[in-house]
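Please find below my note on the model under review. It is arranged as numbered points for reading beside the structure.

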Amino acid sequence: GTFNFNGTNNYVDIGSIGSSNPVSLSTGNFTISCWVLADINQEGNFGRIISKSTSGSGNGGYDMFISNNTWYFYIGGSSTLKAISNIQNKSWNHLIITYDGTTYKGYTNSIFNKSATGPQPTNSTADLNFGVSAGLNTRYFKGNISNISIFDKDLTQCEVNELYNDGSPVDISATTFNDNAIANWNLNQTDNPTGTVNDTIGNNDGTSINMISGNLEIDKYPTN
């Protein structure tokens, strides 16, 4: 199963992420990976998938979100990357953003979409949230999110393919680049939709907010 976000008031709060925490992504190369299922026709409200920001649009960190048929990655208050193609409506989509210190790249279901140059995410102590804008406390995501992973390297196309695994999430520990994993939240039946959400790699456990046991939807999970 996976966590269902109602688009109204529930989310996951990882808490304040300072510069000494590698998940701040304020130094070095990185990759963010996640699986999402959303009705893109209902996501015109810029529902946040992942948000570490002090206000809106990635200020003080970074924001990943979907609006209509487009997914975005924002840093520093500006649209750094818009990856438009291949979003599948009401189906699972695997989204990846990589950064090599200069260039951001976006992949949807292992397919390279677009690249853009940009600076590193801003250093701050902003909260990290899943399913809502951390800085605005609005922009709630409607749909399911699972298997959020962060790595301290920019994955290659071959590594992106390995992570996509033909449409089924992989055990991060079994990948050829597992040593580069710095955080992983499954958001599935190994977590508590009314309590703790575990970081299975690092030390960034979170708490589910305004969720009930029914928000763990056993029959919804990405699979090929």
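The points below treat the basis of the model, its nonpolar cores, a helix and a loop residue.

1. This is a predicted model, in which local features need pLDDT of at least 70, side-chain atom pairs count only at pLDDT 80 or more, and totals for chains, interfaces and linings use all residues. Residues are numbered from 1 along each chain as its sequence is written, and side-chain values use heavy atoms, with hydrogens and water left out.

2. The largest nonpolar core (buried Ala, Val, Leu, Ile, Met, Phe, Trp, Tyr and Cys residues joined through side-chain atoms within 4.5 Å) comprises 42 residues. Buried denotes under 20% relative accessible area, exposed over 50% and partly exposed in between, with a 1.4 Å probe and protein chains only. Ile32, Ile49, Ile50, Tyr62, Phe73 and Trp185 have the most contacts inside this core. Strand 3 (residues 30-38) gives the most to it, with 5 residues; strands (E, at least two residues) and helices (H or I, at least four) are DSSP runs numbered from the N terminus. A second, separate core of 9 residues includes Tyr107, Phe151, Phe177 and Ala181.

3. In helix 1 (residues 157-164), the buried residues are Glu159, Val160, Leu163 and Tyr164. They fall within an arc of 140° seen down the helix axis, so they line one face of the helix; the arc is that of the directions from the axis to the C-beta atoms. Asn165, which follows helix 1, has a positive phi, near 55°.

4. Ile40 lies in the loop between strand 3 and strand 4 (47-52). This residue, Ile40, is buried, with a relative accessible area of 11%.
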